[in-house]
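Dear colleague,

I am passing on the structure below, together with some notes on what was found in it. Please read the notes with the model open beside them.

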Amino acid sequence: MNAPPSPSGAERTDASAVQIGALVPLTRPGWVEAGQHLLAGLELAVREVNDAGGIVGRPLELVVRDTAADPQRAAAAVDELARLGVAALAGEYHSVVARAAAARADALGLPFLCSSAVLDALTEQPTEWVARLSPPQSRGWQVYADFLLGAGHSRIAVAAQPSVYWATGTRILRDHLASRGGTVIELDMSALTAAAVCDELVDHRATALLLLVGHPEPAVPIVKSVRRDRRLAEIMIGAPAGQPEFAEWATLLGDEGAAIPFLRYLPERLTPLGARVGTALRERLAEAPSFVAFEGYDTVAVLADVLRSHGVDRARTAESWPRVAVEGTRGQIQFSRTPGISVWQWARPPIQVVDRDPAEPDRFRILHTG
C-alpha cells in the first residue's frame, strides 16, 4: 500500500526559498475546520509576501505538517522541520499540541510563533524561542467569567472532559468566580451521558452550563439534550473555547446552536488591512473567516517582517521578538514579557464574548469585550 501524500505537497519547490514550518490540525481527532481556517490565513499571507517581492528577493514557502491534535506527532514534526532547515515554525490551534511543539522548538533552538493556542504554560520554563499571538487562557477566560457574572449567573456547571486545557480553564473560572460569590459545579463527561447532564443541572440548580468538551462529540449531543429538556428552558449554554465560531456548528445544530456565548479574538472593527484580508479570506474559504484565519495571516505577517529585517538566522529571529512592531489585521502587534507567561506574548490582543443571533444564526452578536 502506498503511503498517503504529505499534506505539504512537494518539498523545496524552489531551492532559494525561505521556508516556514506550519503546524496545523487537518485530520481528526483534530479540529479540522479550525485547521483549515488557520492554514488559509497562513497561505494567504505567504502569497501576499511573495507578490510583494518575498524575503529580500527570496520566495517564502510553507512546509505544512498535519498535527491531527496529537502532541507526539507534533513533536516529531518539529524535529523533521528543524532537519529540513526551516527558518521558523508557525501555527497550531490545540493548546496541548502547541505545548509539545513549543517544548521541542525550545530544545532545538527553533523560533516558533504560536498562532492560536492559549494555555498559559506553553513551556515549563521561560524561553526566548517562542512567541504567541493569541491571548493567554487566564486573561480570556477571566473576561468570560466577568461576562457570566454580568449576565446574572452565579451557579455555573461545567461539563468537562479530562485534559490539562479543560482543567486549567475550570480552575481559572472557579478562582475568578469564587472571589465574586460564584460557584462552579464540575460534571465529569468521562462518566456522564448527555442525558445525564440534564439531570445533574436540575439537581444542582445551575443557571448556566459551559461546554468544556470536544466538538462535535460530545458538544453537539449535550446541546441537543439540554435544549430539548423542558426543565432547562431557562438555562444558558456557553462555550468559552469557541466551538460555535465555525460553520459546522451551525450546520449540525441549526437554531439550537444559537445564543451560546463563546470567546472570539477579534476587535469590534478590523484594521484597514484586516478588512481587506477578510474579503480575501472569505473568497478563499467560501465562507466567513473565523478569528483563527486572521491569526494565521498575522503570524506570517510578523515572521516575514522579522525575516526581512534580521535575516533567516534562527537565533537572530528569537532575539527580535521584543523589537517586533507590525500592523496586523486586528491591531498593532508587539511582544512583551507578561507575568506568569513563559513565552513572548502579544500583550493586548482583542477579546470578545459573542454568540450566534437566534433570529439570524449566521450573524454574530457582540455581548461583552475585555
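The notes below take up a sheet and then the salt bridges. Please keep in mind throughout that this is a predicted model.

To begin with the sheet, three strands form an open arrangement in the order β10-β15-β16, and their pairing is antiparallel. The edges are taken by β10, which covers residues 262–264, and by β16, which covers 360–369, each of these strands pairing on one side only. From one strand to the next, the twist averages 45°. Where β10 meets β15 (residues 352–357), the two strands run antiparallel and are joined by three bridges; leucine 263, for its part, has valine 353 in β15 as its bridge partner.

The salt bridges come next, and a search of the whole structure finds 14 of them. One of these belongs to the sheet just described, since it is formed by aspartate 355 and arginine 365, whose closest N and O atoms are 2.7 Å apart. Aspartate 355 lies in strand β15 and arginine 365 in strand β16, so this pair ties together parts that are 10 residues apart in sequence. The two partners can also be described by their accessibility: aspartate 355 has a relative value of 3% and counts as buried, whereas arginine 365, at 28%, counts as partly exposed. The cut-off that matters here is that buried means under 20% relative accessible area.

Elsewhere, Asp199, Asp229 and Arg231 are linked in a network of salt bridges. Within this network, aspartate 199 forms a salt bridge with arginine 231, and the closest N and O atoms of that pair are 2.8 Å apart. Because aspartate 199 lies in helix α6 (residues 194–204) while arginine 231 lies in the loop between α7 (219–227) and β9 (236–238), the pair ties together parts that are 32 residues apart in sequence. Arginine 231 also forms a salt bridge with aspartate 229, where the closest N and O atoms are again 2.8 Å apart.

Which of the two aspartates that meet arginine 231 is buried, and which is partly exposed? Aspartate 229, with a relative accessibility of 15%, counts as buried, whereas aspartate 199 is partly exposed, its relative accessible area being 37%.

With best regards

Note on methods
Residues are numbered from 1 along each chain as its sequence is written. This is a predicted model: local features need pLDDT of at least 70, side-chain atom pairs count only at pLDDT 80 or more; totals for chains, interfaces and linings use all residues. Side-chain values use heavy atoms; hydrogens and water are left out. Two strands pair if DSSP finds at least two bridges between them. Helices (H or I, at least four residues) and strands (E, at least two) are DSSP runs, numbered from the N terminus. Axes are lines fitted to C-alpha atoms, for helices over the stretch in contact, and angles run from 0 to 180 degrees between N-to-C directions. A salt bridge is a side-chain nitrogen of Lys or Arg within 4 Å of a carboxyl oxygen of Asp or Glu. Buried means under 20% relative accessible area, exposed over 50%, partly exposed in between (1.4 Å probe, protein chains only).
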